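Thank you all for coming. I would like to walk through one model with you, going from one loop outwards and ending with how far the coordinates can be trusted.

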Amino acid sequence: MTLYRASRRLAAALTTLAAGAAMAQSSPYYLGVAQSLGYESNLYRVGDDQTLPAGYSKSDTVSGTSLVGGVDQTIGRQRVYGSANVRANRYANNKTLDNESYGLNLALDWATVGRLSGTLSAAADQNLAQFNNRAAGGVKTRKNVVRTNQVDARVRLGVVTKYTLEASLGHRNRSYSAPEYNSSEYRQTSGSLGLRYRPSGALSLGVALRITEATYPKFNQPTPNVFEADRLKRQDIDFTATWLPSAVSQFNLRLSPTHTSYDRDTGSDFSGVTGSATWGWQPTGKLKLTTGLSRDTGQSSDAVNLGFFGGRITDYSRTTSALSLKADYELSAKIALNAGISYAHRALANTSSLAGNPIGSVTGSDNTTVLSLGARWLPTRSIQVGCNVSAENRSSSNTNLSVGLSGNSFSCYGQFVLQ
C-alpha cells in the first residue's frame, strides 16, 4: 500500500469517526484537528527493474496536519449532512511533492408527505495522485495533483411499499496537473432507472437499466498542442439482491450483463457479465468479518470504488477481478483492531492509433496483493490515536502496460474533535 492510499484512508477515517462522535452529542456540528506521521518505502512506485533519477529518494517520511469539520442536522423530514477536511502534506526528502489537499462532501436527504424521497449530494477533493509507472515510459517523478468534482441525484417513489421505483443521475469530472496524465482526464455522466421489490423484511430484489458515457478530451496527442478525444459508451442491466439470513449476517449481490465500447481505445471494448458480491458477518459482539468479490471494467470497477488500488484513481484495465477479506475486532470499549487482505487481477489493453485511426492493441495483465493491519484507541470521546501498517506486491506480464513492484508503509495519527 502506498502512502497515497494510507493518507486517503486516514482522512476518511478521521472524518467518519469524528462524525460519529458528533452524532453522539447534542450538537449537530463538529470541528477538529489531526496530525499524522508516516513512512513509505516506495513512494514513486518504482518497478522491480526500474531506477529513480539522481536527486530523488525512493522512500520518504511524510507528515500531515489536518482541520476536519462536519454537520449532521435534521430539519423536519429533511436531513443535511456533510464533512470537510483540509490537509497540509510535507515530505522529508522529496520536498517538491509538498502539497495541500482537501475533501468536501455535502448531501441532502429529502422526503415529501407522500411516498416520494431522494438524495442530492456533491463532492470535491484534491490530492497528490498515485504514481503509475510503466517500463516503456520510464519512471515518472513530476508532482501530479488530481482534482475530482462529482454531483449525484437519486429519487425514490414508494419507499414504504413492496415496490420502489428508483432513478439516479450523476456527473463526475477529473483532471490532473501533470501533462503525463493528460490521457487519464475525463468527464463522465451516468444515469439509471429501475424497480426494487421487497417480498419480506429479509429480502430485497431489484432490476435497473444503467447508461454511462465518458469523454477523454486528451486521450492522444499526435502533434504538440493537438489532442484527439476518446469516448466511452457503456450499458448495464443491473440485477441486485440484498438478503439478511440472520440478525448478524447480510449478503449483497449485483449481476450485470455489460457492454462497453470506445471510439479509439477499441482494445478495451468489453461485452460480458460484471458484478459484485459482499457478505458481512458478525459472529460475536466484538468481531465483524466482511468479504467482497467483484468483476468490472476500468474506472467503473467496484475494485476501484472500494479502494483496492488507493481510491480516486483512474483504472484503465479492460476488466478487474478482485477478492477481499477484512476483519474488525473490538478489543475493548476503547481499543479496536483491524486486518485486511485483498487480491486483484487486471486484464490490461492499450490501443495505438495513426492519424486518428486505431492500428493495433497491446494486451497483458497484472496481479496485486495488499496486506494491512491497524489499531486505534479512543481514550475520550474527543481524542483518538491509531496506527496502520501495510504491504503491497504486484506482478505484471507486460511492462509496457504495468510494472511489477513492491512496497510497504507505516503511519500513526492523533486527532482531537470538539462537538
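**A loop, its core and the edges of confidence**

Let me begin with arginine 45, which lies in the loop between E1 and E2, where helices (H or I, at least four residues) and strands (E, at least two) are DSSP runs, numbered from the N terminus. Before going on, I should say that this is a predicted model, in which local features need pLDDT of at least 70, side-chain atom pairs count only at pLDDT 80 or more, and totals for chains, interfaces and linings use all residues. Residues are numbered from 1 along each chain as its sequence is written, and side-chain values use heavy atoms, with hydrogens and water left out.

Arginine 45 has a positive phi of about 50 degrees although it is not a glycine, and with a relative accessible area of 5% it is buried; here buried means under 20% relative accessible area, exposed over 50%, and partly exposed in between, with a 1.4 Å probe and protein chains only. A second residue other than glycine with a positive phi, near 65 degrees, is asparagine 225, found in the loop between E9 and strand E10 (226-246). Is asparagine 225 buried or exposed? Asparagine 225 has a relative accessible area of 71% and is therefore exposed.

Back in the loop between E1 and E2, tyrosine 44 is buried at 0% relative accessibility. Leaving aside neighbours within four places in sequence, tyrosine 44 is in contact (heavy atoms within 4.5 Å) with a list of residues that includes Leu52, Tyr56, Leu97, Phe131 and Thr141. Tyr44 is also, together with Tyr91 and Leu97, one of the residues with the most contacts inside the largest nonpolar core, which has 15 residues; such a core is a set of buried Ala, Val, Leu, Ile, Met, Phe, Trp, Tyr and Cys residues joined through side-chain atoms within 4.5 Å. A second, separate core of 6 residues includes Tyr186, Tyr216, Phe219 and Tyr262.

Leucine 52 lies in the loop between strand E1 (29-40) and strand E2 (60-75), and it is buried, with a relative accessible area of 17%. Its C-alpha atom is separated by 6.6 Å from that of valine 139, although the two residues are 87 residues apart along the chain. Beyond its neighbours within four places in sequence, leucine 52 has contacts that include Tyr44, Val139 and Thr141.

Turning to the aromatic rings, the count comes to 6 pairs, under the rule that rings of Phe, Tyr and Trp (its six-membered ring) pair if their centres lie within 6.5 Å, with planes under 30 degrees apart counted as stacked, over 60 as edge-to-face and the rest as tilted. The rings of tyrosine 44 and phenylalanine 131 have centres 4.8 Å apart and planes at 55 degrees, so this pair is tilted. Phenylalanine 131, in the loop between strand E5 (116-128) and strand E6 (145-157), is 87 residues from tyrosine 44, so that the pair links distant parts of the chain. Phenylalanine 131 is buried as well, at 4% relative accessibility, and ring pairs link Tyr44, Tyr56 and Phe131 into a cluster.

Next, the covalent link: a search of the whole structure finds 1 disulfide, defined as a pair of cysteine sulfur atoms within 2.5 Å. Cysteine 387 and cysteine 412 form this disulfide, with their sulfur atoms 1.9 Å apart, and the link is right-handed, with 105 degrees about the S-S bond. Because cysteine 387 lies in strand E17 (residues 383-396) and cysteine 412 in strand E18 (residues 405-418), the pair ties together parts that are 25 residues apart in sequence. Cysteine 387 is partly exposed, at 31%, and cysteine 412 is partly exposed too, at 24% relative accessibility.

Finally, a word on confidence. The protein averages a pLDDT (the predictor's confidence in each residue, from 0 to 100) of 87, and 87% of the residues score at least 70. Among the elements, strand E3 (residues 78-91) has the highest mean pLDDT, 97, and helix H2 (residues 302-305) the lowest, 46. Over residues 16-25 the pLDDT is below 50, and this stretch has 16 contacts in the model beyond near neighbours in sequence; residues 301-307 are likewise below 50, with 22 such contacts. Where pLDDT is low, the predicted coordinates should not be read in detail.
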